[in-house]
Amino acid sequence: MLRELQKKIDETQYWDLKILDFQINFFGDEVNIFIYDDINTSWKISFLTCYKVTYETDANWRTIAHVRDMKKSQLGYYGQDITISESKDFNGFYKASIDLTILTAEIVFKEIVVVKV
């Protein structure tokens, strides 16, 4: 199962592609990452039944206070690494280690859905 989950993510070929958004929804139960594919489509990776979501951003050193005020060319979020492993602390859960250049995250979850939108 672990290899299947990693394969789903790797099929997006996210490496060095623009990350359009990182969303945490439903009180942390769902995390969505939107990855640029082409002018008409994007990939959406959804981590579902999340137990733990932690992340760090560049807020302590960027010169523009709010990401929402940045122009598209100023966004520095690119896919570097998304690695899935078994959670050592929670039976039946997986752990995602995510590097999106200036945002890093760790998510403990049960399910992944990958779709082109």
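**One salt bridge and a strand-rich chain**

Visitor: How many salt bridges does a search of the whole structure find?
Guide: This is a predicted model, so local features need pLDDT of at least 70, side-chain atom pairs count only at pLDDT 80 or more, and totals for chains, interfaces and linings use all residues. Residues are numbered from 1 along each chain as its sequence is written, and side-chain values use heavy atoms, with hydrogens and water left out. A salt bridge needs a side-chain nitrogen of Lys or Arg within 4 Å of a carboxyl oxygen of Asp or Glu. The search finds one.

Visitor: Which residue forms a salt bridge with lysine 116?
Guide: Look first at lysine 116, in strand 8. In the salt bridge, the closest N and O atoms are 3.2 Å apart. The partner of lysine 116 is aspartate 37.

Visitor: How many residues apart are lysine 116 and aspartate 37?
Guide: Aspartate 37 lies in the loop between strand 2 and strand 3. The pair links distant parts of the chain, and the separation is 79 residues.

Visitor: Is lysine 116 buried or partly exposed?
Guide: Buried means under 20% relative accessible area, exposed over 50%, and partly exposed in between (1.4 Å probe, protein chains only). Lysine 116 has 46% relative accessibility. Therefore lysine 116 counts as partly exposed.

Visitor: What pattern does the chain follow along the sequence?
Guide: Helices (H or I, at least four residues) and strands (E, at least two) are DSSP runs, numbered from the N terminus. The chain has one helix and eight strands. Read along the sequence, the pattern is α-β-β-β-β-β-β-β-β.

Visitor: Which residues of helix 1 are buried?
Guide: Helix 1 covers residues 2-10. Its buried residues sit on the same side, because they cover an arc of only 95 degrees around the axis, taken from the directions from the helix axis to the C-beta atoms. They are Leu5, Gln6 and Ile9.

Visitor: Which strands do the buried residues of helix 1 pack against?
Guide: The face turned away from the buried side carries the exposed residues Arg3, Glu4 and Lys7. The buried residues pack against strand 3, strand 5 (81-86), strand 6 (94-99) and strand 8.

Visitor: Which side chain does asparagine 32 reach with a polar contact of 3.0 Å?
Guide: Asparagine 32 is in strand 2 (residues 30-36). At 2% relative accessibility, it is buried. A polar contact is a pair of N or O atoms within 3.5 Å; within protein, one must be able to donate a hydrogen and the other to accept it, and residues adjacent in sequence count only if both atoms are side-chain atoms. At 3.0 Å, the partner is the side chain of glutamate 30.

Visitor: How long is the polar contact joining the side chains of serine 46 and asparagine 32?
Guide: Serine 46 lies in strand 3 (residues 42-48). Its 6% relative accessibility makes it buried. The polar contact with asparagine 32 is 2.5 Å.

Visitor: What distance separates the C-alpha atoms of serine 46 and valine 113?
Guide: Contact means heavy atoms within 4.5 Å. Beyond four places in sequence, serine 46 is in contact with Val31, Asn32, Glu111, Ile112 and Val113. Serine 46 and valine 113 are 67 residues apart along the chain, yet their C-alpha atoms are separated by 5.1 Å.

Visitor: What share of the residues of the chain counts as buried?
Guide: The chain has 117 residues. Asparagine 32 is one buried example, at 2% relative accessibility. For the chain, the buried share is 36%.
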